[in-house]
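Me: Hello! I am new to this structure and would like a close look at one part of it, set against the whole.

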Amino acid sequence: MMVPFEGCEKSVRYYLVQVLFIFWYWGSVKNVEADVVASVGTNVNLGEALQFLREYDLEASRMCFTVGTSQWIYATNMTDFNKRRMVEEQVLKAKFDKLTWSRAMAFDWTKIPDPMVRRHLKFLVTSGRGSLPDEKYNEIHHLISEMKDIYAHVRVCPYDNNDKIYCDLELEDLSEIMAKSRNPLELAHVWKEWHDKTGPPMKNKFMRYVEIANQASKFNGFQDAGEEMRYLYEDADFENVVAETFQRLQPLYKEFFTYVRKKLVKQYGPNVVRPEGPLPAHILGNIWAQDWSNIENIVTPYPNTPKIDVTDEMRRQGFTPLRIFQMSEEFFTSLGLKPMPPEFWRHSMIEKPVNRKVQCTASAWDFCNRLDYRIKQCTEVQMKDLITSHHEMAHIQYYLYYADQPYLYRDGANPGFHEGIANAISLSVYNPTHLHLVGLFNNDTTDYETNMKFLFGMALGKLAYAPYAYLVDLWRYEIFRNGVSNMNSDWWQLRIKFQGVVPPIPRSEQHLDAAAKRHIPADMPYMKYYVALLLEFQIFEVLCNAAGHTGPLHSCDIYRSREAGRILSDIMTVGRSKHWKDVLRILTKGKSNKLSSDSMIKYFQPLYIWLKVQNKNEKLSGG
Ligand SMILES: *[C@@H]1O[C@H](CO)[C@@H](O)[C@H](O)[C@H]1NC(C)=O
Ligand SMILES: *[C@@H]1O[C@H](CO)[C@@H](O)[C@H](O)[C@H]1NC(C)=O
Ligand SMILES: [Zn+2]
């Protein structure tokens, strides 16, 4: 129901395309920098470093504009011609990145006296795999691109398909079945097909990928590729910090898990769900068992209390996509934040066009020219899209506020900040108080059952997601650190330990079940979703306090609070120019610089108390 955290592709800089262009591409760049093995340069001249960074800033911004424009044109008009143009731009960008890396390497950033310049150079030198010799650089990109290709082309046979002719279900179709089917045999079939057709064909490629990724990271001065992934958080203690936040969520998660299991036993019987055991992964409404919102109608308390859904009311009031966007803008201006610039209204795509093929995933774009910002969303008049439009517009606010930073700092304070802020806004929009205030929800907002049911729904999306968001990269860290033996049993150990989830059928080391998630073959980090989840609630709580909210946290609405708006603008303006812990300090007005799950626990506190009563005769488990 809620906006999926991962669903939102925030920015053009991270926009990824499924194309196998790497072959001819690498033919053309091969000799840019022959067989460099990273060794820090010797240049410590501050003037030259400043000059280089000035040039880089201009060129990178320009590059971001041209690549972004070509990506936008393709995403909003998917023709072969537009795709070719985009790929050409991406090739130029890749050349530029590699050249930038080697130019930055000429400096010994560790000895540059100016801390700002040092930080800039450090970001440039330690990002990516530019340190690999060309041959390996090409090889790893090729491997990733092949794995993504395997993932994208998996087709699955439907259940009960005796003639095996129509084996053409795509991920989207499977997701629909996982969400809607209540036949455990069909669900297990789909689960097995997807996992058998993603992991095994990739396994050898993945092992080679691990080897080369580790080599690249060693060239960059890290122990392994996992350490390099964590390095973006600029905190040597990062693993312990997140582990501690996760520990604190455990009691809440266990109560929740136990209640959900009881309902699932009732639905499917003890042969499918063991009354005191872990949950099988195929009956949770999602192919990865990461978000359980789709089984809400089975597990929700108070099934006869109506769910908060204002879609009908929006239609009755004659809402249009434009009006949804105007309402979102008004939310931000009510906080004293910026209106959307004229270019935004001129160029955004807020409805699905009828005459051409487009990419419908909602996303917010920064064209890096301090002028042009857009949202692409195939908006329909429904509650989900109202929340999404606020969420995407929060990303635009972030872009607008950090626009004056240098290019490298025009980003979230750490990889979780963009989503954290956008989702904190969503929390203020999707709740009974706000929907009532804007005239869309006309029932009693203080009704106990309505509120408990609301919180339970939020828990299915967010609390259920926490262990999954946490463990995907824990697994990857482990593989990079300890090697590729027992990858699949390691994966399931983490899943049973943290999520309390087991595979519906026996698995072996032939399988690579982690690769059933696109971020694994696509080489995309995942821990940021966990960090964003915590930040979402941390930021929300601070904004609510600033807005003078009293009462339970989940009913807080920051609408029209100038004070909340001031805090948001303070933390957004700095972008990535400060350490994210300093940004947390700004957020908390000096009180704390810690990532914490306490706000999330506080948000779910009324549900926690309720669950403990419901579970008083149950044996707790899960996670
Ligand atoms: C879509 O792109 C094609 C080029 O491939 C172009 O000819 C066409 O005019 C574009 N359509 C729109 C509506 O922009
Ligand atoms: C965070 O706060 C602690 C205690 O106040 C302090 O020791 C630490 O240096 C701070 N870290 C950063 C990065 O500001
Ligand atoms: Zn987002």
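What percentage of the 623 residues of the chain count as buried? And which residues does the UniProt annotation "binding site" cover?

Reply: Happy to help! This is a predicted model, where local features need pLDDT of at least 70 and side-chain atom pairs pLDDT 80 or more, while totals for chains, interfaces and linings use all residues. Residues are numbered from 1 along each chain as written, chains are lettered from A and ligands numbered from 1 in written order, and side-chain values use heavy atoms, without hydrogens and water.

Of the 623 residues, 59% count as buried (under 20% relative accessible area, with a 1.4 Å probe and protein chains only). The chain has 24 helices and four strands (DSSP runs: H or I of at least four residues for helices, E of at least two for strands). Its C-alpha atoms fill a box of roughly 70 × 60 × 50 Å along the principal axes.

Now for your spot. The unreviewed UniProt entry places its "binding site" at H391, H395 and E419; such annotations may be inferred rather than shown by experiment. These residues span 29 positions in sequence, yet no two of their C-alpha atoms are more than 8.6 Å apart, so they gather at one spot. H395 sits in helix 14, residues 383–401, and is buried at 0% relative accessible area. E419 belongs to helix 15, residues 417–429, and is also buried, at 8%. The side chains of E419 and H391 make a polar contact at 3.3 Å (N or O atoms within 3.5 Å, one able to donate a hydrogen and the other to accept it; residues adjacent in sequence count only if both atoms are side-chain atoms).

Terms used: Buried < 20%, exposed > 50% of the residue type's maximum accessible area, 1.4 Å probe, protein only.
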